Amino acid sequence: MLDAQSHFEQIRDTLPGDGQARAATLAAAEAVGLPTRRVESWHYTDLARLLKSGEATGVRTVDFAGVKALEAHFENGLLHGEPQAEGLSVAPFSNTIAHTEAPSPDTVMASYNHALAQNGLTAEVSGTLAQPLVIRTSGTQPVHLAHKISLAAGAKAVLVDDHMATGYANVVFDIHLGEGAELTLLRSQQAGHQVGLSRVTLEQDARYKSVAMISGGTLARHEAHVTLKAAQAHAELHSAVLGHGLSKAATHADFTYVIEHQAADTSSNTSAYNVLDGNARGVFQGKIIVRPDAQRVDAQMQTRAMMLSEGAEMDAKPELEIYADDVVCAHGSAIGELDRDALFFLRSRGLDEATARQLLVAAFLEQVTTHIDDEGLSEIMRQLVDTKINTLLGNLSGEVSS
Amino acid sequence: MSSLLDIKDLHAGIPDKPIINGLSLSINPGEVHAIMGPNGSGKSTLSYVLSGKEGYEVNGGEMVFDGQELAQMSPEARAIAGLFLAFQYPLEIPGVTNMTFLKTSLNAIRRGRGEDEMDAASFLRLAREKSRALGMDDDMLRRQLNVGFSGGEKKRNEILQMAILEPKLAILDETDSGLDIDALKTVAEGVNALRSPEHGMLVITHYQRLLDFIKPDVVHVMAKGQIVKSGGPELALELEKSGYAEYVGGAETASEGSPAHA
């Protein structure tokens, strides 16, 4: 487990910004401590236990190297290469987010990040980025990163968060989308311990789409707070989990969302597809808030889980908090096993059982991959899914549990 | 000539519930047999037992297909041997395109037979040719497997799979259910296209109508898990008039429960 105070002492001299303010923020965070299961938003993710348990190892099988992209590579917190392109301006890292309120157990991980953030990409996009912007995070050391991504009015970008670090990582994204801006954020975590938070605000006509694929890692906590501030803003959050591994080496993937519709005529669409084998655990908590004047909001939320073993667990908790009366909001949740009839159908067409199972799992996750518009990137995600399925699911569960 | 399918005194069902009770049936290459019978007579069970669906068990008798006893074979081994079941209720599988599925299936069967896989371009030509012959537009190959297909499109898609896999024996389980008359004709044309001196078919249906378009060589009446009467195409017409009443009284009173094919 990370000892935040001694980690701070170790890296203190290398940290930019106001050291006193950081020390004070850290002291306030330490006074609260890591969130326990008594905190509702952390009820299904016992952070202290997960950080203690298991080596944060994982197999990295697929990367984005083949894609022509702009890249910012953070290795153990150090930035290699600075992406340069027309329409992109990158500023040196500073740690100046106003963070005045005292942390609560709900927000304490952000406070740790603010106290300890050693680096991050600060980028402003104006216009359309011709290539995806890849943030690659690698290394074995504990790391705190704070990224600030801002899209000017009408700007368009595809951002890839390729998380391959095997150590503890606390990563915050602050994202602002100006009027009519469009951002796709593609995230992949194949290993490691990550506690992630994205704070996203959308102005009028802005569109945000996040597609996440967790294919490994003993802790993958992805919290997102999305605020739709003005009319016609639209947010989509799609997540796929391919969880595997036994006991302490098992994947733990937690998506916790708060999607807040502050304005009328905004919409959101959330889907979560979890395939869980071995002792993997999937968590989905999705809260949709519709503010009193936010009429004609359309908010959809779907969770589905395919359980491949009896030792796997899925916790799904969708919530609607609606204060307007003219809205269309729906949530649904389905947890099941591999469809035996579908398996028989495929076998009756000549596919052996293992191939049929792999095809059904891939098909299930394809319902997330299909949201990636960029063909090169979606192809990489498909490769990732296929490779993981072949190497992991092929071995772990031989039988379909009844 | 040896039979394509030879079922002798078959006893089968689900655990603790016998459904097929001493059924015998023999199909020669080139023949189309129809099985008709009331609900609950075991027609669909027979199709599942023949194709190897999990949960069904064989408790006695033989089912020899092309010289091989089926009972111990996996569903995929039966498909590789040349058996095909057109499903009564085709499944929807989101996330797999029809094209990918068809190609995976054909190549699995070719591999299983020790043949080379078909390359992508040849497969595309084959799939287009066969789907057009069934009046399906190319878009249906690109769509996800049966997702959003109408009942008729799903049945057509089953026949497309059959046309591409060219099985030695096709079992059509109520392929006519849910089809309007135009779709029925198209599907029947697809089935008839596969008729040849080498191929056999077992057509399971409630209604005589399908048999106007797929002319059977032999018609069997099934009741209580047995074949209770066999005859020519005229038997189907007779059933259409008189119904199944005389057969549901009791299989044991029917004439001998004779082997199907003379």
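Two exercises follow on a predicted model, with a worked solution for each.

**Exercise 1.** Describe the interface of chain B and chain A, from its extent to its make-up.

*Solution.* Start with the extent. The size of an interface is often given as the accessible area lost when the parts come together. Between chain B and chain A about 1,900 Å² is buried, and carbon and sulfur atoms give 69% of that area. Chain B brings 28 residues to the contact and chain A brings 19 residues.

Next, take the pairs across the interface. Four salt bridges are counted between chain B and chain A. One of them joins Arg347(A) to Glu76(B), with 2.7 Å between the closest N and O atoms. Eight residue pairs across the interface are in polar contact.

Then look at the side of chain B that touches chain A. The elements giving two or more residues to this side include α2 (75-81), β6 (83-86) and α3 (98-112) of chain B. The most come from α3(B), with five residues. Sorted by class, this side has 17 nonpolar, seven polar and four charged residues.

**Exercise 2.** Place Gln88(B) in its chain, decide whether Gln88(B) is buried or exposed, and list its contacts.

*Solution.* First, the position: Gln88(B) sits in the loop between β6 and β7 of chain B.

Second, the accessibility: the relative accessible area of Gln88(B) is 11%. The cut-off for buried is under 20%, so Gln88(B) is buried.

Third, the contacts. Leaving out residues up to four places away in sequence, Gln88(B) touches Ser44(B), Lys155(B), Asp173(B), Glu174(B) and Ser177(B). The side chain of Gln88(B) makes a polar contact of 3.2 Å with that of Glu174(B). Another polar contact, of 3.3 Å, links the side chains of Gln88(B) and Tyr89(B).

How values were computed
Residues numbered from 1 in each chain as written. Chains lettered and ligands numbered in written order. Predicted model: local features only at pLDDT ≥ 70, side-chain atom pairs only at ≥ 80, totals over all residues. Heavy atoms only, no water. Contact = heavy atoms within 4.5 Å. Buried area = accessible area lost by both parts, 1.4 Å probe. Salt bridge = Lys/Arg side-chain N within 4 Å of Asp/Glu carboxyl O. Polar contact = N/O pair within 3.5 Å; in protein donor to acceptor, adjacent residues only side chain to side chain. Helix = DSSP H or I, 4+ residues; strand = E, 2+ residues; numbered from the N terminus. Nonpolar A, V, L, I, M, F, W, Y, C, P; charged D, E, K, R; others polar. Buried < 20%, exposed > 50% of the residue type's maximum accessible area, 1.4 Å probe, protein only.
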